[in-house]
Amino acid sequence: MLRKTAIVTGASSGIGRETALFFARNGYNIVLAEHINSTKSVEDEIKEIGVDAISIGFDLESEEKIINFFNCAFEKFEYIDCIVNCAGIALKQKLFIDVTCEEIDKILNVNLRGTMLACREGLKHLVSQKHGNVVNISSILGETGGSFETVYSTSKGGIISLTKSLAVEFAPFGLRINTVAPGFVETKMTENLNEEARADCINQIPLARLGKPSDIASIIYFLAQDSASYITGQCIGVNGGAIRFD
């Protein structure tokens, strides 16, 4: 039986790391996208599970490195079933009129342009298979917007639109593309919240807690399975029932 393989970007920590491990525990080989932070510890942990893993250099701001990453991944493994685009960045909160062009370019280049290029290069290979799926990671702020998070919200909203367009375009090839929009999750992006800000976030969440990376990873995994074969072009909110964050 051919073992499935999943590609996971942003796997050095947080949601990406937990997603890579979640797939590995369910029998998948894993391709890890390695950028600034090493994925060696994740790779070793995955191999201890009993499946194969490889780390390949990756940079969402470099078209050349993105192309090379996917070429190497599909050369290494015979069959790649799922591409999970977790990699992304955020800036410190600030009033939009104080945001610089450099900051705008950085967020849009990494989060939106980079995800678009990752989808483009990954789909080139999946089309030839005529089977497979992509799960992009957006944010609740991509759905609702957020004060002092305008550029980040815009980049994540673009990922939702990207997903919906690709789902229609590539359905004839037997491919599915969905996105997951997490609310506030216990990751490096939220660990620096002070006690007051943390309490304010939790007060806006009906389930009264921040999410865990495993809450998101389990939904990503579900979307990659045959049991989700009739789901495409959707944005799945995983946010504890929250409506918006201000």
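Colleague: Where is Ile97 found, and is Ile97 buried or exposed?
Modeller: Bear in mind that this is a predicted model. Ile97 sits in the loop between β4 (80–85) and α4 (101–129). Exposed means over 50% relative accessible area. Ile97 has a relative accessible area of 72%, so the residue counts as exposed.

Colleague: Which residues make the nonpolar surface patch, and what is its area?
Modeller: Ile97 is one of the residues in that patch. Leu95 and Phe148 help make it too, and the patch comes to about 330 Å².

Colleague: Okay, on to helix α2. Which of its residues are buried, and why do they line one face of the helix?
Modeller: In α2 (residues 40–49), the buried ones are Val42, Glu43 and Ile46. Looking down the axis of α2, they fall within an arc of 100°, so what they line is one face of the helix.

Colleague: What do the buried residues of α2 pack against?
Modeller: Their partners include a helix, α1 (14–25). The others are β2 (29–34) and β3 (53–57).

Colleague: What phi does Gly50 take?
Modeller: Gly50 comes just after α2. Its phi is positive, at about 115°.

Colleague: Is Thr163 buried or exposed?
Modeller: Thr163 lies in helix α6 (residues 150–170). Buried means under 20% relative accessible area. Thr163 has just 1%, so the verdict is buried.

Colleague: Which side chain does Thr163 join in a polar contact?
Modeller: Thr163 touches several residues beyond four places away in sequence, among them Ile177, Gly233 and Asn136. The polar contact is 3.0 Å, and the side chain joined to Thr163 is that of Asn136.

How values were computed: Residues numbered from 1 in each chain as written. Predicted model: local features only at pLDDT ≥ 70, side-chain atom pairs only at ≥ 80, totals over all residues. Heavy atoms only, no water. Patch = residues over 30% accessible without salt bridge, like charges linked within 9 Å, V, L, I, M, F, W, Y side chains within 5 Å. Areas by Shrake-Rupley, 256 points an atom, 1.4 Å probe, with all protein chains shown as cover. Salt bridge = Lys/Arg side-chain N within 4 Å of Asp/Glu carboxyl O. Helix = DSSP H or I, 4+ residues; strand = E, 2+ residues; numbered from the N terminus. Buried < 20%, exposed > 50% of the residue type's maximum accessible area, 1.4 Å probe, protein only. Arc of directions from axis to C-beta. Contact = heavy atoms within 4.5 Å. Polar contact = N/O pair within 3.5 Å; in protein donor to acceptor, adjacent residues only side chain to side chain.
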